[in-house]
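Welcome! Take a moment to look over the protein shown here, and then we will walk through it topic by topic.

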Amino acid sequence: MFLSAAELQALTTSLIVSLRAILFALPLAIGVAWLLARTQWRGKVVLDALVLAPLVLPPVVVGYLLLLLFGVRGPIGSLLNEWFGMRLAFTSAGASLAVGVMAFPLMVRAVRLSLEAMDSGLDEAAASLGATRLDRLFNIQLPLAAPGIIAAAIIGFAAGLGEFGAVITFVSNVPGETQTLPLAIYSALQEPGGDVKAARLAVLSLTLALIGLVLAESIAQAGPSTRRR
């Protein structure tokens with residue numbers, strides 16, 4: 001077998017963690033991208049900076065901030081634990097939160113570019129015919145932005161498979177629970193003679209990342225050619 005049981009477990013954990021992260025983060029990314037692309041309001045630049053912050057902060061810092069906020073003694077984590085019995089730190093769900101936070105700017109960016117590339121005349125024509133903002137959002141803007149949304153999901157998923165710093169800081173490296181592919185590679189490199197195992201997992205990670213990038217680029221290029229006038 002190409003991969004051992006432990007390596008297959010790390011792959012499965014990575015896929016589950018990233019998929020769950022995208023399912024929860026993508027709707028929020030669409031909403032934020034729409035706010036940034038289609039509205040004008042005071043303080044917009046602050047939201048833009050906050051959204052992009054995970055791209056410029058060291059992932060370990062992001063993981064540490066998550067630990068402060070969502071740890072069992074953090075302001076949010078303590079409430080979740082007390083009210084719902086939900087614990088995020090050192091769990092698979094927490095790994096999804098870390099992955100979602102790190103992939104969030106990439107998803108927002110992809111959706112925002114798709115929204116900004118639309119022909120503004122379509123939206124203006126619909127408005128002149130009496131369509132409300134909500135009607136235009138669901139019947140014009142989101143359908144035209146669909147390629148960007150799909151690309152955002154794919155690139156966010158691919159990026160999540162490679163996330164290391166935020167995950168290991170927030171949820172540690174627990175085999176079968178939080179040990180994703182990057183963490184499994186890290187563990188293999190700490191073992192005597194683990195170079196071959198690390199190489200196998202690295203090739204697998206590279207393959208998955210390239211597939212994701214190719215799919216995202218192909219979908220983005222296949223989108224509608226309508227551009228803002």
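The protein contains 11 helices and zero strands, and this is a predicted model. Read from the N terminus, its elements follow the order α-α-α-α-α-α-α-α-α-α-α.

**Overall dimensions and surface**

- If you follow the C-alpha trace along its principal axes, the protein spans about 70 × 40 × 30 Å.
- The accessible surface amounts to about 12200 Å², and carbon and sulfur atoms hold 69% of that area.
- The protein carries 15 positive and 13 negative charges, and the mean positions of these two groups lie 6 Å apart.

**Burial and contacts**

- Of the 229 residues in the protein, 43% are buried.
- Among contacts with a separation of 6 or more, 72% join residues that sit 24 or more positions apart.

**The largest nonpolar core**

- This core has 24 residues, and the ones touching the most other members are Leu26, Phe104, Met107, Val108, Val111 and Leu115.
- Two or more residues each come from helix H1 (5–38), helix H5 (92–116) and helix H8 (146–161).
- H1 makes the biggest contribution to this core, with 10 residues.
- Try finding Leu26 in the structure: setting aside neighbours within four places in sequence, leucine 26 is in contact with Met107, Ile149, Ala152 and Ala153.

**A second core**

- Separate from the core above, there is a second one with 17 residues, including Leu88, Ala89, Ala98 and Val167.

Notes: Residues are numbered from 1 along each chain as its sequence is written. This is a predicted model: local features need pLDDT of at least 70, side-chain atom pairs count only at pLDDT 80 or more; totals for chains, interfaces and linings use all residues. Side-chain values use heavy atoms; hydrogens and water are left out. Helices (H or I, at least four residues) and strands (E, at least two) are DSSP runs, numbered from the N terminus. Buried means under 20% relative accessible area, exposed over 50%, partly exposed in between (1.4 Å probe, protein chains only). Contact means heavy atoms within 4.5 Å. Accessible areas come from the Shrake-Rupley method with a 1.4 Å probe; for residues, only the protein chains shown count as cover. Lys and Arg count as positive and Asp and Glu as negative; His and the chain ends are not counted. The place of a charge is taken as NZ of Lys, CZ of Arg, CG of Asp or CD of Glu. A nonpolar core is a set of buried Ala, Val, Leu, Ile, Met, Phe, Trp, Tyr and Cys residues joined through side-chain atoms within 4.5 Å.
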